[in-house]
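Visitor: Could you take me on a close look at a single part of this model, and then show me what else is worth a glance around it? I work with structures every day, so please keep the details in.

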Amino acid sequence: MTVDSDRSGSAWGPVGMGRVGVWTTALDRQPADRARLAVQLLEELGYGTVWVGEARRREAFVNASLLLSASSRITVATGIANIWARDAQAMRAGQLALAEAYPGRFLLGIGVSHAPLVAFRGHDYHRPLTAMGAYLDAMASAVYESPLPSLQPRLLLAALGPRMLRLAGERSHGAHPYFVPVAHTRQARTVLGPDRLLCPEQAVVIDEDPERARGIARQHTKAYLRLDNYRSNLLRLGFSPQELVDGGSDRLVDELVGWGDVGRVAGRIQEQLQGGADHVAVQVLTSEPGEVPDREWRSLAAELTTRGLLP
């Protein structure tokens, strides 16, 4: 598995990805037909990429295939496919199969996940950096006897700390950090260097009322602040332990979740790009997490198009 530099693109961002995409769990909560309609809407609105996770929902490659088959241009990215969910041979085979079937439209993001989610799958979460390095070695030596893709498939690592970011820069096309402020993006760009993709997730709430917006944001931050990897990363960035309790301080919430009217939210996305991101995976949060946020996707797309961030 050879990994070359791949930041080539245009004013719209890295080839095929666009400068702005959508990160969402909402599609996994819908029947397949509804998910197909939603990805078609994202494509029509001009978003370059739709990012889907795995966790306890649809299997990553089945999910990507479902969305790719329902669309014609948009890139589908995994954020992330868990290395504990399948062996390296299966991961590489899935990547190559989708890359061959949908040239340039599938991006594989892989990661070590988190101890509770790994335990849920019956595995022991230990030495994540070593585990990822060994996994990449195994992917590189995987045997694949089906037709190969016409374009080199891209691989990103879920990376927060400097050691995993360095590994991403050395062994993949770049990094997909999740649950990070703009300050992390600036640091990550320095660690990765100039020629690797940096695609952070950015959570947003389109609501001008501070109390209501922060309330929605805290439902999001509260869940992730239970996980050691995210807590450790925020402590490295200078937040105090006291700021990580009860869903996070106002300062922490405001730096992790962009909220306000659609213009202010678009401004946060621009800050991520100015901070060194090649592409921003925007996660729209609402008071009803299970619902597809069609209205918010539409209003944000209109604003981003006006700002030249969507075609």
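Guide: Let's start at F179: with a relative accessibility of 2%, it counts as buried, because buried means under 20%. Please keep in mind that this is a predicted model. F179 sits in the loop between strand 9 and helix 7. Its backbone deserves your attention too, as the phi of F179 is near 65°, a positive value in a residue other than glycine. Most residues other than glycine have a negative phi, and most peptide bonds are trans.

From that loop, turn to helix 6, which covers residues 162–171. Its buried residues are M164, L165, L167, A168 and G169. Among the elements that cover them are strand 9 (174–175) and helix 7 (182–192), joined by helix 5 and strand 8 (154–157). Strand 9 and helix 7 are also the two elements on either side of the loop that holds F179.

Helix 5 leads on to a helix pair. Two packed helices are described by the angle between their axes and the distance between the axes. For helix 3 (residues 88–101) and helix 5 (residues 128–140), the axes come within 8 Å and cross at roughly 60°. The two helices are therefore oblique to each other, and helix 3 passes helix 5 in a right-handed crossing. On the helix 3 side the contact involves A88, M91, R92 and Q95, which meet Y135, A138 and M139 of helix 5.

Two further backbone details belong beside F179. A55 has a phi near 50°, again a positive value in a residue other than glycine. A55 is placed in the loop between strand 4 (49–52) and helix 2 (60–69). With 30% relative accessibility, A55 counts as partly exposed, whereas F179 counts as buried. The other detail is a peptide bond: the one from G79 to I80 is cis, with omega near 10°. I80 belongs to the loop between strand 5 (75–78) and strand 6 (81–82).

Next comes V205, a residue of strand 11. At 1% relative accessibility, V205 counts as buried. Leaving aside residues up to four places away in sequence, V205 touches A213, I216, A217, V257, G258, W259, G260, V265 and L285. One of these partners, I216, is eleven residues from V205 along the chain, and their C-alpha atoms are separated by 7.3 Å.

Strand 11 (201–206) also takes us to helix 12, since this strand is among the elements covering the helix's buried residues. The others named there include strand 3 (20–23), helix 1 (32–45), helix 11 (262–274) and strand 13 (280–284). Helix 12 has 13 residues, 294–306, and at 1.5 Å a residue they should span 18 Å; the end C-alpha atoms are 19 Å apart, which agrees. Within helix 12, the buried residues are E296, W297, L300, A301, E303 and L304. These cover an arc of only 165° around the axis, which puts them on the same side of helix 12. The face turned away from that buried side carries the exposed residues R295 and T306. After helix 12 comes G308, with a positive phi near 80°.

Conventions. Residues are numbered from 1 along each chain as its sequence is written. This is a predicted model: local features need pLDDT of at least 70, side-chain atom pairs count only at pLDDT 80 or more; totals for chains, interfaces and linings use all residues. Side-chain values use heavy atoms; hydrogens and water are left out. Helices (H or I, at least four residues) and strands (E, at least two) are DSSP runs, numbered from the N terminus. The expected span of a helix is 1.5 Å times one less than its number of residues. Buried means under 20% relative accessible area, exposed over 50%, partly exposed in between (1.4 Å probe, protein chains only). The arc is that of the directions from the helix axis to the C-beta atoms. Contact means heavy atoms within 4.5 Å. Axes are lines fitted to C-alpha atoms, for helices over the stretch in contact, and angles run from 0 to 180 degrees between N-to-C directions. Angles under 35 degrees count as roughly parallel, over 145 as roughly antiparallel, 65 to 115 as roughly perpendicular and the rest as oblique. A crossing is left-handed if the near helix is turned anticlockwise from the far one by less than a right angle, and right-handed if clockwise.
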